[in-house]
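Here are my notes for a colleague who is coming to this structure without earlier acquaintance. They are set out as numbered points, to be read with the sequence and the model in view.

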Amino acid sequence: MSLKKGEKKTIQLTDGTKVVLNSDTRLHIPSNFNKEERVIEMEGEGFFDVTPNPDKPFIIKSGETQVRVLGTSFDFKSYKEDEFIKLTVSTGKVRINVADQDLQLSVSPNEHLSINKVDGNVRKETIRENNYIKWMQGSLYLIRSRYGKFSKRSTAPITGRLFYNAGSAITL
């Protein structure tokens, strides 16, 4: 499944997991999903509300990165052309493994993790408000971003609210 620039889509997987996919995202769900294991492949961004199943962990593969959960909700962003892999956990606990950097970390609720794909630098921070999922409500949240970095993905007109790092909103 591939989404075009400016498109969003909500799907429900056969195990009951709800996925909201962001613009320009590719998701591959194998035909044997949820038979022996729950493994998918994604390039892009998605918010996952994973149905708990302790016998079958839910695994997302994206290049050399693997995210593993039992039942939780989180946002995972891994566009091929982006410099960073980003993970923000809303509920539960998520384990992320980046094989080419020999890195394995756990992320808990209200934590945001950024991994630089070039130099391996890792930044983990506690967040009070989850601004990283505002895209699901049609808002764009910018913090230390340049227009060129986010404009690559969006060819659709920007409508709704634009948030910037001072915490103020601009209605468009």
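1. Does Asn-110 count as buried, partly exposed or exposed, and what is its relative accessibility? The model is a predicted one, and in it Asn-110 counts as partly exposed, because its relative accessibility is 39%. Asn-110 is found in the loop between strand S10 (103-107) and strand S11 (111-116), and its phi is near 65 degrees, a positive value in a residue other than glycine.

2. A second residue of this kind is Asp-24, whose phi is near 60 degrees and thus positive although the residue is not glycine. Such values deserve a look, because most residues other than glycine have a negative phi. Asp-24 sits in the loop between strand S2 (18-21) and strand S3 (26-28), and Asp-24 counts as buried because its relative accessible area is 15%, where the cut-off for burial is under 20%.

3. For the protein as a whole, the secondary structure comes to one helix and 15 strands, and buried residues make up 40% of the 172 residues. The accessible surface comes to about 9,600 Å², with 46% of it belonging to carbon and sulfur atoms. Of the contacts between residues at least 6 apart in sequence, 35% join residues at least 24 apart.

4. Strand S7 (residues 73-78) is a useful place to begin with the strands, since five of its six residues are buried. On one side of the pairing scheme, strand S4 (residues 38-49) runs antiparallel to S7 and is joined to S7 by six bridges; S7 also pairs with strand S8 (residues 84-91), again in the antiparallel sense, over five bridges. Asp-75 takes part in both pairings, as the bridge partner of Phe-47 and, with respect to S8, as the partner of Thr-88. S7 and S8 form a hairpin, with five residues between them.

5. Strand S6 (residues 65-69) shows an alternating pattern, in which Thr-65, Val-67 and Val-69 point to one face and are buried, while Gln-66 and Arg-68 point to the other and are not. This fits the general rule that in a regular strand the side chains alternate between the two faces of the sheet. S6 is joined by five bridges to strand S5 (residues 58-62), the two running antiparallel, with Phe-58 opposite Val-69. S5 and S6 form a hairpin with two residues between them, and Gly-63 in the turn has a positive phi of about 60 degrees. S6 is also joined, by four bridges and in the antiparallel sense, to strand S9 (residues 94-98), where Ile-96 stands opposite Val-67.

6. The largest nonpolar core has 27 residues, and those with the most contacts inside it are Phe-48, Phe-58, Ile-60, Phe-74, Phe-76 and Leu-87. In general, nonpolar side chains in soluble globular proteins tend to be buried together. Residues up to four places away in sequence being left out, Phe-74 touches a list of residues that includes Phe-48, Ile-60, Val-67, Val-69 and Leu-87.

7. Which loop holds Thr-17? Thr-17 lies between strand S1 (9-12) and S2, and this loop residue counts as buried because its relative accessible area is 0%. Apart from neighbours within four places in sequence, Thr-17 is in contact with Ile-11, Gln-12, Arg-38, Asp-49, Val-50, Thr-51 and Phe-58.

How values were computed. Residues numbered from 1 in each chain as written. Predicted model: local features only at pLDDT ≥ 70, side-chain atom pairs only at ≥ 80, totals over all residues. Heavy atoms only, no water. Buried < 20%, exposed > 50% of the residue type's maximum accessible area, 1.4 Å probe, protein only. Pairing = 2+ DSSP bridges. Contact = heavy atoms within 4.5 Å. Areas by Shrake-Rupley, 256 points an atom, 1.4 Å probe, with all protein chains shown as cover. Core = buried A, V, L, I, M, F, W, Y, C linked by side-chain atoms within 4.5 Å.
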